[in-house]
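Visitor: I'm new to this one and would like to look hard at one small piece of it. Could you pick a helix and walk me through its surroundings?

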Amino acid sequence: MARIELDLAHAYAPNPKQDSDYALLPLRMAFEDGGAYALLGPSGCGKTTLLNIMSGLLAPSQGSVRFDGVDVTRASPQARNIAQVFQFPVIYDTMTVAENLAFPLRNRQVPKAQIKKRVGEIAEMLEMSGQLNQLAANLAADEKQKISLGRGLVRPDVSAVLFDEPLTVIDPHLKWQLRRKIKQIHHELKLTMIYVTHDQVEALTFADHVVVMARGRAVQVGSAAELFERPSHTFVGHFIGSPGMNFLSGQADQTGFHVADAVLVPQPGQALPPGVIKLGVRPEYVLLVAPHTPGALPMTVAQVQDVGTHVMLSTSFAGQTVKARLPSDAGHLSHGDTVWLQVLGEHTCFYQNEEIVA
Ligand SMILES: Nc1ncnc2c1ncn2[C@@H]1O[C@H](COP(=O)(O)OP(=O)(O)OP(=O)(O)O)[C@@H](O)[C@H]1O
């Protein structure tokens, strides 16, 4: 296993001039030995480019990749000792499950007894012990992908295992099982694992550290809790959570945060920079309160969605929308009602030029 350090940028076309010419803008980042990481972001944000640069399938147009301090920028995937699991199964149909799992070890001349032991362990983790002697050709797509996962995990000496959207072909009802399985395997094997996905649930369940990417930029690296509680950028606020964070634009001065004709006075110690800023609050932290409660705004109900366990309220104030996740007893509210919603509290963040400031 290795600590992977990146200090690089990448443009596919020569002579990049502006930010939009880069698939990856300059970034510096380290993946610690044995960590479980996810690269999360929408399509086209640069996840696969970053993964391919780490694996050695692609050389960055600028900068370097280091494994345990050694420059491997120009080294092949083989030389870097990387295992990769792709979106679609990469297995040999004519081999049995056991032979497929053994293949990466046999390639590296691992002694037979050791191969047998390791294949047995991996098959057990993947709950495939009963299928070791079956031909891979006869298996369902998700079982084939399990073998691909197994092949990625079977070598104990790899620098890292890289996963590129590995659950794409898996049926939705099996996805959560495999997600948990991969996480459990990480705990057992302690390999450095980097998992690319555009699915926040996948990223947040698997990884201890999630790298949120947007337009070639690593916007924030954090745990699920950090990304939820204090998104460093409005993009992260929008992207993480379902629905994402609410943002209210307003004007800050020494008296507080002004939205239309209302003034919200921040928590003691929460200093706001003067000028145009945005208040960010998650729907989960918006509270239904008594009229004129400090930190609350009179909102007009636009939509009430009763989803059984809770009510999702969509409201507006001075042309801006705030969503609130409220207990089921808020189900009596209806379109056009005025409700006081507390948007300013200990979980509220403030943003200027999309970056967190308070
Ligand atoms: N081989 C290539 N040549 C030129 N441009 C490319 C190439 N591969 C990717 N790009 C561009 O680089 C940017 C980042 O692409 P990348 O595939 O890394 O994103 P991604 O986040 O993995 O997206 P997806 O989830 O859709 O695969 C995109 O604008 C894409 O069009």
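Guide: Here is a walk around helix 3, with a quick look at the whole chain to begin and a stop at one histidine to end. Keep in mind that this is a predicted model.

Let's get our bearings. The protein chain has 358 residues, and 39% of them are buried. Its C-alpha atoms fill a box of roughly 75 × 50 × 35 Å along the principal axes. Inside that box, the secondary structure comes to nine helices and 21 strands. The domain assignment splits the chain into domain 1, residues 4-235, and domain 2, residues 242-356. Taken over C-alpha atoms, the centres of the two domains are 39 Å apart. Where they touch, domain 1 puts in seven residues and domain 2 puts in 10. On the domain 1 side, that's two nonpolar, three polar and two charged residues. As for how the chain folds back on itself, take the contacts between residues at least 6 apart in sequence: 66% of those join residues at least 24 apart.

Now for our helix. Helix 3 covers residues 97-107, and its buried residues are V97, A98, N100, L101, A102 and L105. What do those buried residues pack against? They meet two partners, helix 4 (112-125) and helix 5 (141-153).

Take helix 4 to start with. The axes of helix 3 and helix 4 come within 10 Å and cross at roughly 130 degrees. Because angles from 115 to 145 degrees count as oblique, helix 3 is oblique to helix 4. The crossing here is right-handed. From helix 3, the contact uses A98, L101, A102, L105 and R106, while helix 4 offers I115, R118, V119, I122 and A123. Sorted by class, that contact has eight nonpolar residues, no polar ones and two charged ones. The spacing along each helix is worth a thought: an α-helix has 3.6 residues a turn, so residues three or four places apart point the same way.

Helix 5 is the other partner. Here the axes are 7 Å apart and the packing angle is about 30 degrees. Since angles under 35 degrees count as roughly parallel, helix 3 is roughly parallel to helix 5. This crossing, too, is right-handed. On the helix 3 side you'll find V97, N100, L101, F103 and P104, and they meet I147, G150 and R151 of helix 5. This contact divides into five nonpolar, two polar and one charged residue. Notice L101: it's on the list for helix 4 and on the list for helix 5 as well.

Before leaving, look just past the end of helix 3. There, Q109 takes a positive phi of about 55 degrees.

One last stop, elsewhere in the chain. H186 sits in helix 6, which spans residues 172-189. Is H186 buried or exposed? It's buried, because 21 other C-beta atoms lie within 10 Å and 20 or more is enough to count. Setting aside neighbours within four places in sequence, H186 is in contact with A36, L191 and M193. For a sense of distance, H186 and V158 are 28 residues apart in sequence, and their C-alpha atoms are 13 Å apart in space.

Conventions. Residues are numbered from 1 along each chain as its sequence is written. This is a predicted model: local features need pLDDT of at least 70, side-chain atom pairs count only at pLDDT 80 or more; totals for chains, interfaces and linings use all residues. A residue is buried if 20 or more other C-beta atoms lie within 10 Å of its own, exposed if 12 or fewer, and partly exposed in between; C-beta atoms are placed from the backbone. Helices (H or I, at least four residues) and strands (E, at least two) are DSSP runs, numbered from the N terminus. Two residues are in contact if their C-beta atoms, placed from the backbone, lie within 7 Å. Domain bounds come from an automatic or database domain assignment. Ala, Val, Leu, Ile, Met, Phe, Trp, Tyr, Cys and Pro count as nonpolar, Asp, Glu, Lys and Arg as charged, and the others, Gly among them, as polar. Axes are lines fitted to C-alpha atoms, for helices over the stretch in contact, and angles run from 0 to 180 degrees between N-to-C directions. Angles under 35 degrees count as roughly parallel, over 145 as roughly antiparallel, 65 to 115 as roughly perpendicular and the rest as oblique. A crossing is left-handed if the near helix is turned anticlockwise from the far one by less than a right angle, and right-handed if clockwise.
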